[in-house]
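Colleague: Please take a close look at one part of this model for me. I would like the helix that packs against several strands, and then whatever else helps to place it.

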Amino acid sequence: HPPVQCAFRSPISARARRNAVTLFTKVRGRRISGVHVAPGDRILILKLDGECELQVFLFGSRANAFLVGGKGTVMEAFRQAAYWNGRAVPAPQAAALPDHYRAFLERWQPGTHSVSRALSGALTVFDSTLVLETMHRAGVPEKPAASCTGRDTEALCASALAVGCALAHPAPRIYMEGGVFSLIALETFAHAKAQHHVTVEGAVRSWVKRRLAQHALASMRAPVQKTLSQAEAKARRSARNLRRAQDSASRAATYERYGHLLMASPQPAGALSATLPDLFGGQLPVTIPLKPALDSVGNARRYYEKARKARVAWEMLDRRVEATEAAIERLGALLEEVSRLESVAEVKAFTARNSAVLSRLGARRHASERYPYRTYRLAPDYEVRVGKNARDSDTLTLRHTRPFDLWMHARGTTGAHAVLRLPHKAAQPSAEVISAAASIAAYHSKARGSALVPVTVTPRKHVRKAKGSALGAVVVSREKVLIVKPGLPDTYTE
């Protein structure tokens, strides 16, 4: 499951999917007695009773799945079955650490690589975290591998052997800083807070859950941050342009001064400019551009008008600068608030609170933000989701509903799928809550105008999509029918 690829056992098993192809029929009904991974290789082995195994080769060109008999013979294969049936199952290709310095030097190929890149090639069982830990313990910084001395390579080899010995006795932990998962204590994170786990499997399960939550949070938060960041940058550019315009508009005093000088020293028409003594205390004469078609009084009136317009423009620009700076401050506060959000629910709440602002900024909903249903809140712990059209009803039922949620649909007529979402699997909604949800389902059907409407109610696990069926059409294997009056509750959110 991107963005992580891990395998771990789960105490919860998913129900069998519909429209699936059955493989390895010989193992049906057999009990899994153990699960392990081949040492040094990425092969998942499920031991079955009757001396059989399912071996899953997870990566690379050898990716395949085999049903293996007690003598190591392939009984059935997922890929290239005709070739593999009756042959010996491929042996694990264990990637081991070098056990002495000479073996390490045989694998050390510096070339043009950095130390970390060359070390990854020499220690193929180490991930990037363990490679950096090896370098840290050896005291060798990142640099061109070709520049490493004999002392450097000896230290790297000794450090790798020490890390390998530590891996033989895992002490799994998740470092809160960066969410780094490690099988051993890392000296590179010596001062970081860590969450310790008793088993590797428990640590992997916790880490995967954390990473997926972080990925979901980032995918929802990133477009909001991008919209606000772009708006803030645009507002800052506008503020800079307005300030430059203010500088030009602030020439009102100069224009008025030109008018006064021209009125005090009349000039005939026809001149392109006039150089006049500064009567307002200046030491040097003032050169004033003129319109040749106007006399001194006409040019003075022109400058008075320019001064008036400049003052008006300056006042308007001043207000716009104040409004723009206030907008920059608001956007900055929103960006800071978004950066502090730590869950998908918080991002959704933030988006709902600031929907008007984001809409004005031209924020576009990503596909993940467009929900195929309307939501009605019945109680603090219960909500009803209703598909917006036939396609959305299918999406709601198949992708946004859990097996224990209650699925509803007006019986004997066309209408939207409705789902009463339960807070948890053991929840027992009251008859009033179920009846209210059924009323919503009846309202979103063509029987809305009827006094009473029969509504099908069943757990989602009893609803399936038949192959090739029309949009919105499903098959219900078990159902109860409630007779309700169509209607909506007071609380509704899009």
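Modeller: What follows starts with one helix and its strands, then moves to rings, a second helix and backbone angles.

This is a predicted model, so local features need pLDDT of at least 70, side-chain atom pairs count only at pLDDT 80 or more, and totals for chains, interfaces and linings use all residues. Residues are numbered from 1 along each chain as its sequence is written, and side-chain values use heavy atoms, with hydrogens and water left out.

Start with helix H12, residues 431-443. Helices (H or I, at least four residues) and strands (E, at least two) are DSSP runs, numbered from the N terminus. The expected span of a helix is 1.5 Å times one less than its number of residues. For the 13 residues of H12 that gives 18 Å, and the end C-alpha atoms are 18 Å apart, so the two agree.

Which residues of H12 are buried? They are Val433, Ile434, Ala437, Ala438, Ser439, Ile440, Ala441 and Ala442. Buried means under 20% relative accessible area, exposed over 50%, and partly exposed in between (1.4 Å probe, protein chains only). These buried residues pack against strand E11 (373-379), E12, E13, E14, strand E15 (453-459) and strand E18 (480-484). Contact here means heavy atoms within 4.5 Å.

Now the strands. Two strands pair if DSSP finds at least two bridges between them. Strand E12 (residues 382-387) pairs with strand E14 (residues 418-421) in the antiparallel sense, over four bridges. Glutamate 383 has arginine 421 of E14 as its bridge partner. Strand E13 (residues 406-410) also pairs with E14 in the antiparallel sense, over three bridges. There, tryptophan 407 stands opposite valine 419 in E14.

Next, the rings. Arginine 448 lies over the face of tyrosine 443, at 3.9 Å from the ring centre. The charged end of arginine 302 sits over the ring of tyrosine 303, 4.8 Å from its centre. The criterion is NZ of Lys or CZ of Arg within 6 Å of the ring centre and within 35 degrees of the ring normal.

The whole structure holds nine aromatic pairs. One of them joins tyrosine 371 and tyrosine 373, tilted, at 5.7 Å centre to centre with 40° between the planes. Rings of Phe, Tyr and Trp (its six-membered ring) pair if their centres lie within 6.5 Å; planes under 30 degrees apart count as stacked, over 60 as edge-to-face and the rest as tilted. Tyrosine 371 is partly exposed at 23%, whereas tyrosine 373 is buried at 7%. Elsewhere, Phe57, Phe66, Tyr83 and Trp84 form one aromatic cluster.

Now helix H5, residues 150-167. Its 18 residues should span 26 Å, and its end C-alpha atoms are 26 Å apart. Its buried residues include Asp152, Leu156 and Val163. Their cover includes helix H2 (101-107), helix H3 (115-122) and helix H4 (128-138).

Serine 116 is in helix H3. It counts as buried because its relative accessibility is 17%. Leaving aside neighbours within four places in sequence, serine 116 contacts Val131, Met135 and Glu142.

Last, the backbone. Most residues other than glycine have a negative phi. Phenylalanine 24 has phi near 50°, a positive value. Phenylalanine 24 lies in the segment before strand E1 (32-37) and is buried at 10% relative accessibility. Glutamine 80 also has a positive phi, of about 50°. Glutamine 80 sits in the loop between strand E5 (74-77) and helix H1 (81-84), and is exposed at 54%.
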